[in-house]
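This briefing concerns the nonpolar core and the strand pairing of a predicted model. Which residues make up the largest nonpolar core?

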Amino acid sequence: MSSARALHLYTLLSDYKIQLPPLKRKSGKKESFDHLDVCFTRSNRGNNLLTINGKPFTLNRRIKDACYWECVKLRCKYIKCTARVVTKSNQISALRGQHNHP
């Protein structure tokens, strides 16, 4: 392809730019989890447990200083709770999902 033809195609394509809506950015405020009752313990089998408002979470994986926790009822045959927590430096940084059990 000649450079003149490539330049012509480029100008044609640049005339038809698609305007995307601006990205919605999160506000600078961090969500506060100070109102939650949080406790780090061990299970009967010696695994790490994080208890938030009486609901236990097991440690799923650890990457650098971030720990990913999942509800203990995730692996139950009928319940399969999807609630998850992310902690960084022993501080809650994210809560995801809702408990679907009492």
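A nonpolar core is here a set of buried Ala, Val, Leu, Ile, Met, Phe, Trp, Tyr and Cys residues that are joined through side-chain atoms within 4.5 Å. Buried means under 20% relative accessible area. The largest such core in this predicted model has 12 residues in all.

**Nonpolar core**

- The members of the largest core are Phe-33, Leu-36, Leu-50, Ile-52, Phe-57, Cys-67, Trp-69, Cys-71, Cys-81, Ala-83, Val-85 and Ile-92.
- At least two residues of this core are supplied by each of β2 (48-52) and β4 (66-71).
- Strand β4 contributes the largest share of the core, namely 3 residues.

**Surroundings of Cys-67**

- Cys-67 belongs to the core; apart from neighbours within four places in sequence, Cys-67 is in contact with Leu-59, Arg-61, Arg-62, Val-85, Val-86 and Thr-87.
- Among these contacts, Val-85 is itself listed in the core.

**Pairing of β2 with β3**

- Strands β2 and β3 (residues 55-63) run antiparallel and are joined by 4 bridges.
- Thr-51 lies opposite Pro-56 in β3.
- The two strands, β2 and β3, form a hairpin with 2 residues between them; Asn-53, in the turn, has a positive phi of about 50°.

**Pairing of β3 with β4**

- Strands β3 and β4 also run antiparallel, and 6 bridges join them.
- Phe-57 stands opposite Cys-71 in β4, and both Phe-57 and Cys-71 are members of the largest core.
- A hairpin is formed by β3 and β4, with 2 residues between the strands; Lys-64 in this turn has a positive phi of about 55°.

Definitions and conventions:
Residues numbered from 1 in each chain as written. Predicted model: local features only at pLDDT ≥ 70, side-chain atom pairs only at ≥ 80, totals over all residues. Heavy atoms only, no water. Buried < 20%, exposed > 50% of the residue type's maximum accessible area, 1.4 Å probe, protein only. Contact = heavy atoms within 4.5 Å. Pairing = 2+ DSSP bridges.
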